[in-house]
Amino acid sequence: MNLLGLPIPGPLSLVGTAVGTAQGLASLVASPRRYVATSPRRFYVEVQGVQGKGRAKVARRVEEAVESHPRVEWARVNGPTSRLVVTVADPPPRVRDIVKLVRRAESEPLTIEDEAAEDETHHPAEGVRGTQVLPTLAVDALGLLLSVVTRLGRWAPLPSEVAGLLAAVDHHPWLKDLVTPGSQGPTRADSRMSMAGALTQGLAAGNESIILDVVQRAGEWREARAIERAWAAVEDRIVTGPDAVAAKTRPSARPAPAPRGEGERYQSRAL
């Protein structure tokens with residue numbers, strides 16, 4: 001269709017673009033990745049298999065494999081963050097060589113719970129890279145673009161109630177608990193719900209909640225960068241040797257469900 005002589009995407013092409021982009025970003029979020037952060041003398045490499053059964057053996061195997069590299073002084077697994085801290089010589093080894101050694105020595109998580117626990121871990125040296133802020137902001141931008149197109153074209157392929165339904169699921173604690181197990185942890189669940197909400201708002205010619213989500217993600221971006229800068233300022237005082245880094249994994253299973261706070265109980269009743 002045309003508007004003021006300018007081509008405007010039709011309904012089928014608009015929906016097809018949105019679905020295709022959503023699928024591509026979803027596969028990007030779900031695809032295997034390897035978080036690596038570097039500082040002048042250290043590497044922080046993500047390690048798999050240190051959250052579940054046999055984690056001590058996996059950690060020691062990874063440490064020995066990486067310490068066999070001639071340009072590595074020492075390497076220790078920090079269980080709570082699922083990261084291998086590597087102190088390197090000068091000149092340092094190539095990052096991909098260290099990652100290759102880690103891949104050979106580590107093991108895949110045995111259960112979905114272990115995988116979700118590893119996915120939720122994050123080291124302060126990684127900054128924004130260890131979060132879901134970037135892919136979520138990308139979908140927010142797509143949602144804003146769709147909302148502009150649907151407003152100019154005076155055609156909305158989805159009713160606004162659909163977007164409202166997704167918002168209700170995102171804010172209701174009980175309904176959100178149903179979504180979280182299939183998303184490998186609350187961080188991915190929150191990101192995917194925001195992505196779905198942005199696309200439905202765009203197709204329903206709405207943009208208020210998308211703008212609100214962009215503001216929220218911008219705050220998360222600033223928070224991650226502030227944590228990264230704070231870590232860089234104290235790294236040399238904290239990482240003084242292998243004993244200062246090595247730590248066992250915390251138990252991921254709770255003996256009982258976490259109690260809900262007063263705000264969460266009110267939210268459940270109100271919704």
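**Exercise 1.** What percentage of the 271 residues in the chain is buried?

*Solution.* The structure is a predicted model, in which local features need pLDDT of at least 70 and side-chain atom pairs count only at pLDDT 80 or more, while totals for chains, interfaces and linings use all residues. Residues are numbered from 1 along each chain as its sequence is written, and side-chain values use heavy atoms, with hydrogens and water left out. Buried means under 20% relative accessible area, exposed over 50% and partly exposed in between (1.4 Å probe, protein chains only); buried residues make up 42% of the chain.

**Exercise 2.** Describe how Arg60 pairs within helix α2 (helices are DSSP runs of H or I, at least four residues, numbered from the N terminus).

*Solution.* Begin with the criterion: a salt bridge is a side-chain nitrogen of Lys or Arg within 4 Å of a carboxyl oxygen of Asp or Glu. Arg60 meets Glu63 in such a bridge, at 2.7 Å from N to O, and these two residues are 3 residues apart in α2, about one helical turn. Next, Arg60 forms a salt bridge with Glu64, with the closest N and O atoms 3.4 Å apart, and this pair is 4 residues apart in α2. Finally, compare accessibility: Glu63 is buried at 7%, Arg60 is partly exposed at 37%, and Glu64 is partly exposed at 45%.

**Exercise 3.** Locate the salt bridge between Glu262 and Arg265 and state the accessibility of each residue.

*Solution.* The side chains meet at 2.6 Å, N to O, and both residues lie in helix α11 (residues 262-270). Glu262 is exposed at 52%, whereas Arg265 is partly exposed at 38%.
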